[in-house]
Amino acid sequence: MSIFSRREFLKTTAGVAASGTLIGAAGCDKPTTGSQAASSAPAASSAPSVPGQWVPEKDATLRVLRWKRFVAGDEEGWTANTKKFTEKTGVQVRVDQEGWEDVRPKAAVAASVGSGPDIIISTFEDAHQYPDKLVDVSDVADYLGGKYGGWYESAEAYGKHAGKWVAIPMGSAGGKMVYRKSAMKAAGVDTFPKDLPGLLKLAQGLNKGKKPPGFALGHATGDANCWCHWLVWAHGGKLVDAKNNVVINSPETLAALEYGKEFYKTFIPGTLSWLDSNNNKAFLDGQIGLTLNGISIYYAAKNSTDPKVKEIAADIAHADMPIGPVGKPTELSLVFPMMIFKYSKYPNAAKAYLSFMMEKEQYVPWQKGAIGYVTQPLKAYESNPIWTEDPNHTAYRDCMQLLVPNGFAGEMGYASAGAMADFIMVDMVAEAVSGAKTPKEAVERAQKRAERYYKV
């Protein structure tokens with residue numbers, strides 16, 4: 001069973017050679033049209049010229065596919081670090097960028113046909129869908145973990161399959177509550193609530209104060225998946241149990257949807273079609289006072305040239321997702337696995353690149369430039385000054401520690417990835433809270449849809 005349709009497959013394969021940026025030996029950006037990088041860079045040295053133990057192959061070139069930026073500092077820092085890698089090794093690197101929704105199917109196509117970018121930086125548990133197609137990067141993971149304080153448990157969950165590392169986690173774009181302090185005060189709430197009754201009370205107050213909440217309920221890879229999974233998990237519901245049996249049809253899930261119905265009543269109209277950028281726009285336009293998002297809204301406000309938008313930055317604050325009846329954090333965050341495919345002619349160069357990009361000299365400035373848009377998977381980077389230089393950054397520091405991996409409470413793999421790519425959890429929540437279906441009908445439909453994946 002495919003996780004995307006035949007039409008999407010054909011569309012994807014037709015466009016798999018997307019335009020990108022070629023980082024040359026001199027460090028200049030050269031636009032390309034999808035052709036392989038020219039080997040005008042000097043041959044790699046016979047000794048490692050970057051930290052670690054990987055000597056790039058002679059005349060190696062690399063293609064990297066990653067997701068498009070949500071904050072400019074991310075892309076700028078990644079490009080600068082890639083140039084540094086080229087200058088040190090002579091390895092030219094071309095970086096292509098696609099939307100989150102496009103990277104995942106393109107990665108699946110590359111794995112299936114055995115051709116494409118050497119490295120793909122995708123989302124969630126993609127590495128667990130086709131681990132046999134990926135280069136074992138345990139040596140890279142062991143090197144980085146040993147040098148930088150070890151990996152968080154969640155990073156290991158996403159990076160390791162059957163005891164070996166098949167991906168190096170870049171980190172996580174965590175979803176946190178983003179709110180207007182003035183709107184919360186006007187709603188009669190002094191501090192951001194830590195439980196669900198308090199959150200509902202705040203949402204109702206915001207709605208009355210003309211700054212309603214707005215949470216994505218369309219097929220938004222990051223925002224919709226993160227808050228909808230949190231909602232169900234917070235009440236004790238889950239798609240599958242520890243043995244991968246589908247158990248979404250449960251009293252706990254129904255309780256989550258009943259709460260969701262009351263919460264949705266406070267939302268601004270239109271959220272059923274929202275994708276990942278819609279809440280950013282609505283928040284910065286002053287239409288909403290509460291949403292779930294990465295730090296990109298704050299980044300955009302701080303760096304805006306529009307005085308009205310820039311003023312919003314001083315009124316923005318961030319908070320952890322409230323705790324539900326289960327009594328512990330149940331946050332889902334968007335994790336980015338960096339995968340090297342076995343068809344690559346230059347696996348050593350690819351390993352050297354991933355290792356180089358995760359080293360302190362590159363990773364810390366890159367995080368700072370993106371004001372922590374991606375939270376580290378390595379414990380040593382908790383001490384990055386970016387997390388304490390601005391209180392609005394601090395909430396995102398612990399995303400990798402707090403997150404619950406996708407597929408909870410079962411294993412990550414084809415089934416969990418397929419269920420997420422099919423937006424089963426999001427659709428169930430959207431149908432129930434909007435009244436398109438009763439909670440019972442929405443849960444029963446989700447149960448049947450999930451069983452299609454988990455019974456294969």
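**Exercise 1. Contacts of V429**

Leaving aside neighbours within four places in sequence, with which residues is V429 in contact?

Solution. The model is a predicted one. Step one is to list the partners: V429 is in contact with L217, W227, C228, L231, V232 and L257, once neighbours within four places in sequence are left aside. Step two places V429 in its wider setting. The largest nonpolar core has 149 residues, and V429 is among those that touch the most other members, along with I168, W227, Y353 and M428. Step three asks where the core draws its residues from. Helix α8, residues 223-234, gives the largest share of this core, 9 residues.

**Exercise 2. The protein as a whole**

State how many helices and strands the protein has, and what percentage of its residues is buried.

Solution. The protein contains 19 helices and 12 strands. Of its 456 residues, 59% are buried. A further step concerns contacts with a separation of 6 or more: 76% of them are accounted for by residues 24 or more positions apart.

**Exercise 3. Helices α8 and α9**

Decide how α8 and α9 are oriented to each other, and name the residues that make the contact.

Solution. First take the geometry: the two axes, those of α8 and α9, come within 8 Å and cross at roughly 125 degrees. An angle between 115 and 145 degrees falls outside the parallel, antiparallel and perpendicular classes. Therefore α8 and α9 are oblique to each other. Next take the residues. From α8 the contact uses W227, L231 and V232, and from α9 it uses T253, A256, Y259, G260 and F263. Finally sort them by class: 6 are nonpolar, 2 are polar and none is charged.

**Exercise 4. Two residues of the loop between α8 and α9**

Find whether H235 and I248 are buried or exposed, and list what each touches.

Solution. Start with H235, which lies in the loop between α8 and α9. A residue counts as buried under 20% relative accessible area. H235 has a relative accessible area of 12%, so H235 is buried. Not counting residues up to four places away in sequence, H235 touches L196, E252, A255, A256, Y259, P325 and V326.

Now turn to I248, which is also placed in the loop between α8 and α9. Its relative accessible area is 0%, so I248 is buried. With residues up to four places away in sequence not counted, I248 touches V232, K238, L239, T253, M425, M428, V443, A446 and Q447. A last step looks along the chain: I248 and E444 are 196 residues apart, and their C-alpha atoms are separated by 8.3 Å.

**Exercise 5. Strand β8 and its partner**

Describe how β8 pairs with β12, and how many residues of β8 are buried.

Solution. Strand β8 covers residues 168-173, and 6 of its 6 residues are buried. Strand β12, residues 334-340, pairs with β8 in the antiparallel sense over 5 bridges. To find one facing position, take I168: M338 in β12 stands opposite I168. M338 also serves for a distance across the chain, since V64 and M338 are 274 residues apart in sequence and 9.6 Å apart in space, C-alpha to C-alpha.

**Exercise 6. V64 in strand β3**

Determine the place of V64 and its contacts.

Solution. V64 is in strand β3, residues 61-67. Because its relative accessibility is 1%, V64 counts as buried. Neighbours within four places in sequence aside, V64 is in contact with V93, R94, V95, D96, I119, I121 and Y353.

**Exercise 7. A sheet of 3 strands**

Give the strand order of the open sheet, and say which strands stand at the edges.

Solution. The order is β10-β9-β11, and the pairing is antiparallel. β10 (290-293) and β11 (316-319) each have a single partner strand, so they stand at the edges, with one side of each left without a neighbour in the sheet. From one strand to the next, the twist averages 30 degrees. For detail on one pair, β9 (residues 176-180) is joined to β10 by 4 bridges. Within that pair, K176 stands opposite N293 in β10.

**Exercise 8. Helices α13 and α14**

Classify the packing of α13 and α14.

Solution. Helix α13 (residues 347-358) packs against helix α14 (residues 360-369) at an angle of about 55 degrees, the axes being 5 Å apart. This angle makes α13 oblique to α14. F356, M357 and M358 of α13 make the contact with K360, Q362 and Y363 of α14. By class, this gives 4 nonpolar, 1 polar and 1 charged residues.

Key:
Residues numbered from 1 in each chain as written. Predicted model: local features only at pLDDT ≥ 70, side-chain atom pairs only at ≥ 80, totals over all residues. Heavy atoms only, no water. Core = buried A, V, L, I, M, F, W, Y, C linked by side-chain atoms within 4.5 Å. Buried < 20%, exposed > 50% of the residue type's maximum accessible area, 1.4 Å probe, protein only. Helix = DSSP H or I, 4+ residues; strand = E, 2+ residues; numbered from the N terminus. Contact = heavy atoms within 4.5 Å. Axes fitted to C-alpha atoms, helices over the stretch in contact; angles between N-to-C directions. Parallel < 35°, antiparallel > 145°, perpendicular 65-115°, else oblique. Nonpolar A, V, L, I, M, F, W, Y, C, P; charged D, E, K, R; others polar. Pairing = 2+ DSSP bridges.
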